[in-house]
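Thanks for coming, everyone. Please have the viewer open, and I will walk you through this one.

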Amino acid sequence: MGHESRYNFRMKKHPRLFPTLSLILFLLASCSPKKITAPDPNILISQAVAATLAAIPPATSVPPPTPYPTPTAVSLAGLYCEYQFCIGHPAGVAFYDHLATLNVGAPSTYGNGFIYAYQIPSLVISLIWLQAPGTTDPKFLLETILDDQSDVASGTLEVKLIRGMNVIYNPITTSIPEVPFGGAGAWTCGDRVFAWKAYTAQANTATPLFEDTLSRFTCGQ
């Protein structure tokens, strides 16, 4: 019996032997040593450089310049600006919108307004204005701001032209014990007429107060 015949004989005699031998041969082949390829040094260097660059923190951005307010051309102390006009007043007092006090929904406007300031118990200032295009004589608004019950005009009505504005002024006395003296003035500016009144505790203080107040007056025309 040849070698092949003996092999076939054994396979027939032991039919389960063939799968077992095949499994053993497969396992032996898989356990054979494999060739290990060394990593490319250039790739390793590139990876290291990339990791280093990624770890570097970003540069801090330059902060934007800090804006600083520019100095004003005039002092704002004792200056009221609203409704497209400015007017001076004592630094120790501030103007309030009287119309807004009476009705929150109807404050003063460009065409009609009433503001006041006070320093208890020695000073009360009122300012009213009215849009009246073409008016050159402000006397009607001076008469409006004077109170028939408590104000009495004294002396002679002064008429002046101040910085192109027609200005009239009159000292007054009052029936209010705390502020028995005062003064009232009126003037035109653009298409509006303004009237000012002050009650003071001392005589001869309203006139210089009016002059100082009007010296800082400007209006949008």
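Strands E9 and E10 run antiparallel, with 9 bridges joining them. Bear in mind that this is a predicted model. Across that pair, Trp187 stands opposite Phe194 in E10. The two strands form a hairpin with 2 residues between them. Gly190 in that hairpin takes a positive phi near 65 degrees.

Now the other neighbour of E9. E8 and E9 also pair, in the antiparallel sense, over 7 bridges. One of the facing pairs is Tyr169 with Gly185, its bridge partner in E9. Here too the link is a hairpin, and 6 residues connect E8 to E9.

How many of the 9 residues of E9 are buried? The count is 8, so E9 is largely enclosed by the rest of the structure.

Take Thr188 as an example from that strand. Thr188 sits in E9. Is Thr188 buried or exposed? Thr188 has a relative accessible area of 9%, and the cut-off for buried is under 20%, so Thr188 counts as buried. What does Thr188 touch, once its neighbours within four places in sequence are set aside? The contacts are Thr135, Thr136, Pro138, Met165, Asn166 and Val193.

Next, the core. In soluble globular proteins, nonpolar side chains tend to be buried together. The largest nonpolar core in this model has 26 residues. Which of them touch the most other members? They are Phe85, Ile87, Leu127, Trp187, Trp196 and Phe217. Several elements give two or more residues to this core: strands E2 (85-88), E4 (112-119), E5, E8 (165-174), E9 (181-189) and E10 (192-200), together with helix H6 (206-215). Another core lies apart from it, with 13 residues. Ile128, Ala132, Ala184 and Tyr199 are among its members.

Let me stay with Ile87, from the largest core. Ile87 lies in strand E2. Its relative accessible area is 0%, so Ile87 is buried. Leaving out residues up to four places away in sequence, Ile87 touches Gly78, Leu79, Tyr80, Phe95, Leu127, Trp187, Thr213, Arg216 and Phe217. Look also at Asp212. Ile87 and Asp212 are 125 residues apart along the chain, yet their C-alpha atoms are separated by 9.5 Å.

One of those contacts of Ile87 is Thr213, so let us cross to helix H6, where Thr213 is placed. Thr213 is buried as well, with a relative accessible area of 2%. Beyond four places in sequence, Thr213 touches Ile87, Gly88, His89 and Trp196.

Back to E2 and its sheet. Which strands make up this open sheet, and in what order? There are 3 strands, ordered E1-E2-E11, and the pairing is antiparallel. E1 (79-82) and E11 (218-219) stand at the edges. Each has a single partner strand, so one side of each is left without a neighbour in the sheet. E1 and E2 pair over 4 bridges in the antiparallel sense. In that pairing, Tyr80 stands opposite Ile87 in E2. Tyr80 is also in the contact list of Ile87.

Now outward, to the surface. Which residues form a nonpolar patch there? Tyr96, Tyr118, Ile120 and Val124 do, with about 410 Å² of accessible area together. Val124 belongs to strand E5 (residues 123-131). How accessible is Val124, and what is its relative accessible area? The value is 31%, which makes Val124 partly exposed.

Finally, the whole chain. The secondary structure comes to 6 helices and 11 strands. Of the 221 residues, 29% count as buried. The chain exposes about 14,900 Å², and carbon and sulfur atoms supply 63% of that area. As for contacts between residues at least 6 apart in sequence, 47% join residues at least 24 apart.

To recap with three places to click on. First, E9, with 8 of its 9 residues buried. Then Ile87, at 0% relative accessible area. Last, the surface patch of Tyr96, Tyr118, Ile120 and Val124. That is it from me.

Methods
Residues are numbered from 1 along each chain as its sequence is written. This is a predicted model: local features need pLDDT of at least 70, side-chain atom pairs count only at pLDDT 80 or more; totals for chains, interfaces and linings use all residues. Side-chain values use heavy atoms; hydrogens and water are left out. Patches are made of residues with over 30% relative accessible area and no salt bridge: like charges are joined within 9 Å, nonpolar side chains (Val, Leu, Ile, Met, Phe, Trp, Tyr) within 5 Å. Accessible areas come from the Shrake-Rupley method with a 1.4 Å probe; for residues, only the protein chains shown count as cover. A salt bridge is a side-chain nitrogen of Lys or Arg within 4 Å of a carboxyl oxygen of Asp or Glu. Buried means under 20% relative accessible area, exposed over 50%, partly exposed in between (1.4 Å probe, protein chains only). A nonpolar core is a set of buried Ala, Val, Leu, Ile, Met, Phe, Trp, Tyr and Cys residues joined through side-chain atoms within 4.5 Å. Contact means heavy atoms within 4.5 Å. Two strands pair if DSSP finds at least two bridges between them.
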